[in-house]
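Work through the exercises below with the sequence and the model side by side. Try each task before reading the solution beneath it.

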Amino acid sequence: MKEILEQLPNKAAEKNLENKKFFSKLRKRTPKNLDYLMQELHEEEFKKTDCLTCANCCKTTGPLFTNADIERIAKFFRMKASDFISQYLRLDEENDYVLQQVPCTFLGADNYCSIYDVRPKACKEFPHTNRKKFQQISKLTLKNVAICPAAFNIVEEMKKRI
């Protein structure tokens, strides 16, 4: 996995222009079965991919925390939401709550998440490859293929099938 993660940013960069063109066409002419195809590709890939061997998303990026996420996680820690925010979060340039630092504070050395059952919605949905109306998140997907080997593989397979 280490070798794959080392090569991933370069592979994603090499495919970036091709992917931008592909997503542009996809937004203009979206296949009727895209949501079903994406669900199928997502499920196929995650039968082969074990996130616990990677956790690159947790090591290199931080999720956005919604107010609902903050309330839920603070309750889990038996803290006030304001205390959770001051201890773990900061406001980014877009005024969204994000982690103060990466790798994620809640990621263990074994790649397990200590707040997995109450993790942020953004973590739960990552890499967003099974999301409905997938064509609407092309910019996010272009970022995610450089972070997540599964997202990279899903996009490559999608290009073959469409």
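**Exercise 1: a pair within one helix**

A salt bridge (a side-chain nitrogen of Lys or Arg within 4 Å of a carboxyl oxygen of Asp or Glu) joins the side chains of Asp-69 and Arg-72, with 2.6 Å from N to O. Before going on, note that this is a predicted model, in which local features need pLDDT of at least 70 and side-chain atom pairs count only at pLDDT 80 or more, while totals for chains, interfaces and linings use all residues. Residues are numbered from 1 along each chain as its sequence is written, and side-chain values use heavy atoms, with hydrogens and water left out.

Task: place Asp-69 and Arg-72 in their helix, and decide whether Asp-69 is buried or exposed.

Solution. Start with the helix, a DSSP run of H or I with at least four residues, numbered from the N terminus. Both Asp-69 and Arg-72 belong to helix 4 (residues 67–76), where three residues, about one turn of the helix, lie between their positions. Next, take the accessibility, where buried means under 20% relative accessible area, exposed over 50%, and partly exposed in between (1.4 Å probe, protein chains only). Asp-69 is buried because its relative accessible area is 2%, whereas Arg-72, at 28%, is partly exposed.

**Exercise 2: a pair across the chain**

Task: find which residue forms a salt bridge with Glu-40, and state how many residues apart the pair is.

Solution. The partner of Glu-40 is Arg-161, and their closest N and O atoms are 2.7 Å apart. This pair links distant parts of the chain, since Glu-40 sits in helix 2 (residues 34–48) and Arg-161 in helix 8 (residues 149–161), 121 residues apart. Turning to accessibility, Glu-40 is partly exposed, with a relative accessible area of 38%, and Arg-161 also counts as partly exposed, at 36%. Finally, widen the view: Glu-40 and Arg-161 belong to a network of salt bridges that also links Glu-44, Glu-157 and Lys-160, and the structure holds ten salt bridges.

**Exercise 3: a threonine in a helix**

Task: locate Thr-141 in its helix, and list the residues in contact with Thr-141, leaving aside neighbours within four places in sequence.

Solution. Thr-141 is found in helix 7, which covers residues 138–144. Its relative accessible area is 2%, and Thr-141 therefore counts as buried. With neighbours within four places in sequence set aside, Thr-141 is in contact (heavy atoms within 4.5 Å) with Phe-23, Phe-134 and Val-155.

How values were computed
Helices (H or I, at least four residues) and strands (E, at least two) are DSSP runs, numbered from the N terminus.
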